[in-house]
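Reader: I am new to this structure and would like a close look at one part of it, namely the empty spaces in and around the protein and the residues and elements that line them. Please take me through that part slowly, and add whatever helps me place it in the rest of the fold.

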Amino acid sequence: MVATIIDGKELAKEMRSELKKEVEQLKEKGVTPGLAIILVGNNPASLSYIKGKQKASEEIGVSFKLEHLEESISQEELLEVIEKYNQDDRYDGILVQLPLPDHIDETAVIEKISPEKDVDGFHPINVGRMMTGQDAFLPCTPAGIVEMIKSANIEIAGKHVVVVGRSNIVGKPVGQLLLNENATVTYCHSKTKNLREHTIQGDILIVAVGRPYFIGADHIKEGAVVIDVGVNRLENGKLVGDVKFDEAKEKASAITPVPGGVGPMTITMLVYNTVKSAKKRVRP
């Protein structure tokens, strides 16, 4: 068996094409979707991620604003900047690029963003709505993963999903979204004993631990769907996932590559959420 490659780059391209049409229709109704990103300091990785978000926004016609703040800004001053964008009707989506400097409380910052503009899907109100199956802004990477699985015509209901990793950004929410799709979900993490005994049972295996080549073919059930969320840079500069791709593709029925898998979908779901937010401004 050689796995089908789930091409996140191609799916993202298709979705952005549709989003561009939606944005054009919104503009005809007098609404231009706007996204504001707040960056504190000069983290090189954050600057790189923001460039990707800006490119995707401009590609589909979303107005983009970067608020670049000094690393020395106080927490109180940062919260005031967020409130300014909460009150500014030109911006439908607000996100504060993580990580933040040590002197700033990340939780306080996330909770300051209006839930109605929380296009990252991190605010506790949106997390609670997601947990209970209500309409919400879904966290971008987990939402993108679900879209990728569905795009490959893979049945989710009744399947056993094993999630390796329990971060608030990916692991926990992706399990919840798949539970909402009627999967049976097992979470594995750093304290899980006999990891392979769990992963080998997964009809769908999602790996999000940030450790290169952490999962090999011996962890994978024959014919499983493997979603690799990891993006790790080796000493030689090569980008690789958490899964040993060359091994895994011989055993899985479908697999995401790194790069070109989950990454492009994460940014696409961010602009999707921004457009979704903008639609609320259209008068009946």
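**Pockets, cavity and the sheets**

Author: The model is a predicted one, and a good place to begin is the second largest pocket, which holds about 420 Å³ of space. Its lining is made up of 18 residues, and those that lie nearest the centre are Gly 121, Phe 122, Val 127, Asn 168 and Ile 169. Three helices, α4 (106–112), α5 (124–131) and α7 (171–180), each give at least two residues to this lining. Sorted by class, the lining of the second largest pocket has 11 nonpolar, 4 polar and 3 charged residues.

The largest pocket has a volume of about 1300 Å³. Around it stand 40 lining residues, and Tyr 49, Thr 141, Val 231, Gly 263 and Thr 266 are the ones nearest its centre. The elements that contribute two or more residues to this lining are α2 (44–60), β4 (93–96), α6 (140–151), β9 (232–233) and α10 (262–279). Of these, α10 provides the largest share, with 6 residues. By class, the lining of the largest pocket consists of 23 nonpolar, 12 polar and 5 charged residues.

Besides these open spaces there is enclosed space to consider, and the count of cavities of 30 Å³ or more comes to 1. This largest cavity has a volume of about 70 Å³, and the residues that line it are Ile 94, Leu 95, Val 96, Leu 98, Val 109, Ile 110, Ile 113, Asp 118, Asp 120 and Phe 122. Both β4 and α4 supply at least two residues of that lining, with β4 giving the largest share, 3 residues. The lining of the cavity divides into 8 nonpolar and 2 charged residues, with no polar ones. Phe 122 is a link between two of these spaces, since it appears in the lining of the cavity and is also among the residues nearest the centre of the second largest pocket. Strand β4 is a link of another kind, for it gives two or more residues to the lining of the largest pocket and also at least two to that of the cavity.

To place β4 in the fold, one can turn to the open sheet of 3 strands, whose order is β3-β2-β4 and whose pairing is parallel. In this sheet β3 (63–69) and β4 are the edge strands, each pairing on one side only, and from one strand to the next the twist averages 15°. Strand β2 (residues 34–40) pairs with β3 in the parallel sense over 7 bridges, and within that pairing Leu 39 stands opposite His 68 in β3.

A second open sheet has 6 strands, again with parallel pairing, in the order β1-β11-β8-β7-β5-β6. Its edges are β1 (4–5) and β6 (184–188), and because each of them has a single partner strand, one side of each is left without a neighbour in the sheet. Further in, strand β7 (residues 204–207) and strand β8 (residues 225–228) pair in the parallel sense over 4 bridges. Ile 204 has Val 225 in β8 as its bridge partner, while Ile 206 stands opposite Ile 227 in β8. Strand β8 also pairs with strand β11 (residues 254–255), in the parallel sense and over 2 bridges, and here the bridge partner of Val 226 is Ile 255 in β11. The side chains of β8 can be followed as well: Val 225 and Ile 227 point one way, Val 226 and Asp 228 point the other way, and all are buried.

A last point concerns two cysteines. Cys 140 counts as buried because its relative accessibility is 5%, under the 20% limit for that class. Cys 188 likewise counts as buried, at 0% relative accessibility. A search of the whole structure for disulfides finds 0.

Notes: Residues are numbered from 1 along each chain as its sequence is written. This is a predicted model: local features need pLDDT of at least 70, side-chain atom pairs count only at pLDDT 80 or more; totals for chains, interfaces and linings use all residues. Side-chain values use heavy atoms; hydrogens and water are left out. On a 1 Å grid over the protein atoms alone, a cavity is a set of points where a 1.4 Å probe fits but cannot get out, and a pocket is an open set with protein on both sides within 12 Å along at least five of seven lines; lining residues have an atom within 4 Å of a point. Grid points are joined across faces, edges and corners, and a volume is the space filled by probe spheres set on the points. Ala, Val, Leu, Ile, Met, Phe, Trp, Tyr, Cys and Pro count as nonpolar, Asp, Glu, Lys and Arg as charged, and the others, Gly among them, as polar. A disulfide is a pair of cysteine sulfur atoms within 2.5 Å. Buried means under 20% relative accessible area, exposed over 50%, partly exposed in between (1.4 Å probe, protein chains only). Two strands pair if DSSP finds at least two bridges between them. Axes are lines fitted to C-alpha atoms, for helices over the stretch in contact, and angles run from 0 to 180 degrees between N-to-C directions.
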